[in-house]
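Here are my notes from going through this one, written so you can follow along with the structure open beside you. Take the points in order and find each residue as you go.

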Amino acid sequence: MRISTTIFLTDETITPVRLARELEQRGFAGLYLPEHTHIPTERTTPYPNGGDLPREYTRTLDPFVALGQAAAVTERIAVGTGISLIAQHDPIAFAKQIATLDHLSGGRCTLGVGFGWNREEADDHGVEWRTRRELVRDRIGLMKALWADEPTAYAGEFGQSVRASTAYPKPYRGGAPRIMVGGAAGPKLFAQVCAYADGWMPIGGGGLGRTLPELRERWQDAGRDPAALQVVPYAVLPTPGKLAHYAEQGVEEVVLQLPPGDTATVLKVLDDYQQYL
């Protein structure tokens with residue numbers, strides 16, 4: 001099982017370059033970063049985990065700039081988002097950004113996507129909250145049209161379309177980079193996974209024994225290859241028993257949560273996590 005990591009990188013934490021080098025030298029499989037463009041101070045949306053919103057949410061680095069740095073100083077580790085808020089991006093420019101990262105990294109990019117929890121942040125981007133899932137699906141479709149080998153037009157459902165266009169670079173292996181959908185289990189999320197993604201990133205990784213059979217059934221009903229479904233538990237605080245359970249469920253990669261700390265703090269946790277490699 002591949003052991004990757006995620007962290008809220010900020011202006012106060014270990015740097016992307018130092019972390020990426022340490023991960024590669026130690027044998028970890030990848031680095032995934034979250035995304036928030038901003039956090040409005042006049043908040044009404046509660047923090048999903050309860051209590052006050054942690055400081056790091058308000059100070060996150062742009063994940064794609066940080067992942068570009070990480071890719072530039074490594075040769076092996078995967079670089080990805082966990083998750084990117086696609087509804088808040090212009091999909092034409094975003095397709096270029098993702099394809100460029102995948103191209104320059106030699107095909108190491110995973111696009112982890114999600115739908116967001118902070119309504120105020122989405123509002124500032126002009127996102128209609130009740131249709132944000134459908135908007136994400138639509139924008140994935142538009143980006144895949146730009147990634148296609150031949151110029152391909154796409155008629156969007158939410159006011160943005162693209163003509164058949166010449167658009168380079170293409171993702172490294174052609175088609176699209178690996179796309180994973182993050183979020184809690186349920187019919188709406190599983191419908192998104194089966195429609196356009198390569199798999200699911202369950203946050204925290206709990207309850208897989210109960211939820212995976214439903215996802216696998218929906219995946220097959222959608223005509224997808226059962227062997228192609230990827231499930232990557234995300235932001236996991238590991239124990240040997242937990243990782244053994246994931247392996248029993250057929251999980252091939254797990255993403256461990258690192259603290260949003262300085263260099264010494266993060267390296268100490270990496271020392272501990274090496275027991276799982």
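The points below start with the open pockets, move to the enclosed cavity, and end with one arginine and its surroundings.

1. Before anything else, keep in mind that this is a predicted model. Every value below was computed from that model.

2. Let's begin with the largest pocket, which has a volume of about 830 Å³. Its lining is made up of 28 residues. If you want to find the middle of it, look for Pro48, Tyr57, Ile83, Trp117 and Ile203, which lie nearest the centre. Sorted by class, the lining has 15 nonpolar, 9 polar and 4 charged residues.

3. Next up is the second largest pocket, with a volume of about 220 Å³. Here 14 residues form the lining, and Leu229, Gln230, Val231, Gly250 and Glu252 sit nearest the centre. Two elements give two or more residues each to this lining: helix 7 (208–221) and strand 7 (230–231). The class split for this pocket is 6 nonpolar, 3 polar and 5 charged.

4. How many cavities of 30 Å³ or more does the structure hold? There is 1, and its volume is about 70 Å³. Of the 15 residues lining this cavity, Leu85, Gln88, Phe115, Gly116 and Ala122 are the closest to its centre. The lining divides into 8 nonpolar, 5 polar and 2 charged residues.

5. Now for the arginine I'd like you to look at. Arg108 is in the loop between helix 3 (91–104) and strand 4 (109–113). Arg108 is buried, yet it has no salt bridge. Which side chain of opposite charge is nearest? That would be Glu24, 4.8 Å away, and a salt bridge needs the charged atoms within 4 Å.

6. So what does the side chain of Arg108 contact instead? One partner is the side chain of Thr74, in a polar contact of 2.9 Å. There is also the backbone oxygen of Ala71, which lies 3.0 Å from a polar atom of the Arg108 side chain.

7. Ala71 deserves a quick look too. You'll find Ala71 in helix 2 (residues 63–72). Is Ala71 buried or exposed? Its relative accessible area is 10%, and the cut-off for buried is under 20%, so Ala71 counts as buried. Try tracing from Ala71 to Pro16 as well: the two are 55 residues apart in sequence and 9.5 Å apart in space, going from C-alpha to C-alpha.

Note on methods. Residues numbered from 1 in each chain as written. Predicted model: local features only at pLDDT ≥ 70, side-chain atom pairs only at ≥ 80, totals over all residues. Heavy atoms only, no water. 1 Å grid on protein atoms, 1.4 Å probe; cavity = no way out; pocket = protein on both sides within 12 Å on 5 of 7 lines; lining within 4 Å. Points joined across faces, edges and corners; volume = space filled by probe spheres on them. Nonpolar A, V, L, I, M, F, W, Y, C, P; charged D, E, K, R; others polar. Helix = DSSP H or I, 4+ residues; strand = E, 2+ residues; numbered from the N terminus. Buried < 20%, exposed > 50% of the residue type's maximum accessible area, 1.4 Å probe, protein only. Lys, Arg positive; Asp, Glu negative; His and termini not counted. Polar contact = N/O pair within 3.5 Å; in protein donor to acceptor, adjacent residues only side chain to side chain.
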